Amino acid sequence: MWRAAGWAGRCAVLRGVRACVTQAGCNLGAGGAEGLKNSVALLGPQGVAAVYLLLATFVLTPVFAVTVWGLGDTPNHLARIHILTRIADTPALQLLYETSWKPVPYLGMDVVVASLAQAMPIYVAGRVFVAVCLLTPVAAAALLRRAVWGRVGLVPALGFLLSYNYLIARGFLGYVFGAGLAVMLFAGWLATRRSPRWRRAAWFAPAVLLLYFCHAFAFLTYGLLVGGFELGCAVRQRFQAPRKILLDWLAAGAQAVPVMAAVALFATSATAGFKLVTLYGSLPNKLAAAAAPLYFPGPPAVVGVYVLLPLIAVAGARHLRLASALWPTALIVGVVAAAVPNVLLSSWGADYRLPYVVGIVMIAAAAPRRPPSRATAWAGLAMLFAFVAVRSANAFSLVRQLDAEEAQIRSVVRALPEGARLLVVDAGRPDAGPFAAPAHMTGHLALVATIDRNAFIPFLFTGTTAVQPRPEWRDAASPSSLPVDLDQFKDGITRGDPPTGPPPYGYGGQQYWLGWPHKFSFVLMEHYGRQDITVLYRVDRP
């Protein structure tokens, strides 16, 4: 029969045997690699590289079109890193802050940007780090796709659609960077699947420990990815080899042993003395979190364009297949994302983080059921360019606006003496136009005063970081707060701190503004929406 089948018949039999073998175990989906050659055949290797380069140019143009990247929390993080890198030779900072490179699980951005700041200005170092974060979803999707399908192709370029997302808008750069590393490390875990399990666990344990110190949420993300993958493998095998499954799970968990030891040794450095708050959040919070990978603030017309992206994905789903190794992982991470509280241990937006990772995993998992026609491929590529261009242009407009406002603040705070203690007041925005930046994206702009004039600002991110205010100024600080509004400003004139210290406020903060005339030497009034947005006042005590 084998001889009679001929060459074509033998090839068919071999393909069938290979298919049965790969489906019997926990295959990664590489059997579909033939369909991934289409993008190279369409454009050639140089053409594929040109597509990535051009899309990266679109995405990175806003970063290098500004002096200060002012989105969300970013100025606050840069101010903290400025203190870390300059306090040793700056007496004004030594009177306000104290530093300790203690082993806390949020050091990724601090270490990278502080290292860059040794060779370039802090604002440039910050923009370089932002650029890395914007490219992270593409790089992570490419590595994961290579581990699963055996090829990269053009599909990871869809990751440019995730470059500008709500995490970037809010300045969650540490997590974006750490989450990208988590997905890349997960790709390595899959790529070494055939290695001896305990040797592989030993290889990955140091990297997982570094990931934990980079960002705690990134470590948890990696744990979910690996756990989801191993559970998916066990389900596909119908738990028919329980001993092997148990050993695989133990080896996967063994990666975290050094992290558990670090948590046991350094747990006392994680609370910073503030009450920890956890809140699940409302249904609108959860819907907003689900949209976080694609949503970026902008005019309604531009935001409306974003709605087309999931609609197009749903419409094209029947033409795609997902790698069997990844879709259960994405599903498990998505379910956990829905269960995560909105505020977790005083960290706002905890539920906004995992959907971003789900998006990266789904891009890496997707492949066409059959090679598309040239017309379809070119149309899809044109749509990708159009969407990335629109999203990048929207980001360009917003960051340029924030950069202009930041320039005004910097010009005003030049009058501050070194080491001034600055109370920042958001006086409202009644004159703000319809396209003005949202309040939550401008609240940290004043932190340039710490960088430019070594000033004390009460809502500098300290808490679980390597920077703390000196004991004499801790009642004037609140690491999880924003500028005070006019009502709080007036309240602080008439009320002082009670004997027990400032009352709690917000998510792990305190009412630092009480008795502000005795705590601060200058007041910065911010009037967003006006031509002159800031006014600086000196506090004259009687």
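# Exercises on rings, burial and hollow spaces

R353 lies over the face of F172, at 4.9 Å from the ring centre. Here NZ of Lys or CZ of Arg must be within 6 Å of the ring centre and within 35 degrees of the ring normal. This is a predicted model, in which local features need pLDDT of at least 70 and side-chain atom pairs 80 or more, while totals for chains, interfaces and linings use all residues. Residues are numbered from 1 along each chain as its sequence is written, and side-chain values use heavy atoms, with hydrogens and water left out.

**Exercise 1. Which ring does the charged end of R200 sit over, and how far is it from the ring centre?**

Step 1. Find R200 and look for the ring beneath its charged end: the ring belongs to W189.
Step 2. Go from the charged end of R200 to the centre of the W189 ring, and you get 3.5 Å.

**Exercise 2. How many helices and strands are there in the protein, and what share of its residues counts as buried?**

Step 1. Begin with the elements, which are DSSP runs numbered from the N terminus (helices: H or I, at least four residues; strands: E, at least two). The protein has 20 helices and 11 strands.
Step 2. Turn to burial (buried: under 20% relative accessible area; exposed: over 50%; partly exposed: in between; 1.4 Å probe, protein chains only). Of the 542 residues, 51% are buried.

**Exercise 3. What kind of aromatic pair do Y52 and F160 form, and which parts of the chain does the pair tie together?**

Step 1. Recall the rule: Phe, Tyr and Trp rings (for Trp, the six-membered one) pair if their centres lie within 6.5 Å, with planes under 30 degrees apart counted as stacked, over 60 as edge-to-face and the rest as tilted. The structure holds 17 such pairs.
Step 2. For Y52 and F160, the centres are 6.4 Å apart with 55° between the planes, and the pair is tilted.
Step 3. Y52 belongs to helix α2 (residues 38–60) and F160 to the loop between α6 (122–149) and α7 (166–169), so the pair joins parts that are 108 residues apart in sequence.
Step 4. Check how much of each residue is accessible. Y52 is buried at 18% relative accessible area, and F160 is also buried, at 4%.

**Exercise 4. Why does the pair of Y166 and Y352 count as tilted, and where do its two residues lie?**

Step 1. The planes of Y166 and Y352 stand at 35° and the ring centres are 5.4 Å apart, so the pair is tilted.
Step 2. Y166 is in helix α7, whereas Y352 is in the loop between β4 (347–348) and α16 (354–365). The two residues are 186 residues apart, and their pair links distant parts of the chain.
Step 3. Y166 is buried, with a relative accessible area of 11%. Y352 is buried too, at 5%.
Step 4. Now follow the neighbouring ring pairs: they link Y166, F172, Y295, W348 and Y352 into a cluster. F172 in this cluster is also the ring beneath R353.

**Exercise 5. What lines the largest cavity, and which helix gives the most to that lining?**

Step 1. A cavity, on a 1 Å grid over the protein atoms alone, is a set of points where a 1.4 Å probe fits but cannot get out; a pocket is an open set with protein on both sides within 12 Å along at least five of seven lines; lining residues have an atom within 4 Å of a point. Points are joined across faces, edges and corners, and volume is the space filled by probe spheres set on them.
Step 2. The whole structure has one cavity of 30 Å³ or more. The volume of the largest cavity is about 40 Å³.
Step 3. Its lining consists of R193, E230, C233, A234, Q237, K244, I245, D248 and W249.
Step 4. α10 (216–236) and α11 (242–254) each supply at least two of the lining residues. α11 gives the most, with four.

**Exercise 6. How much space lies in the largest pocket, and which residues are nearest its centre?**

Step 1. The largest pocket holds about 1,800 Å³ of space.
Step 2. Of its 47 lining residues, L158, I312, A313, L320 and A366 lie nearest the centre.
Step 3. The elements that each supply at least two lining residues include α2, α14 (300–316) and β5 (366–368). The largest share, seven residues, comes from α17.

**Exercise 7. Is L345 buried or exposed, and what about N454?**

Step 1. L345 has a positive phi of about 55° although it is not a glycine. N454, not a glycine either, has a positive phi of about 55°.
Step 2. L345 is in the loop between β3 (343–344) and β4, and N454 in the loop between α19 (448–453) and β7 (467–469).
Step 3. L345 is exposed at 53% relative accessible area, whereas N454 is buried at 7%.
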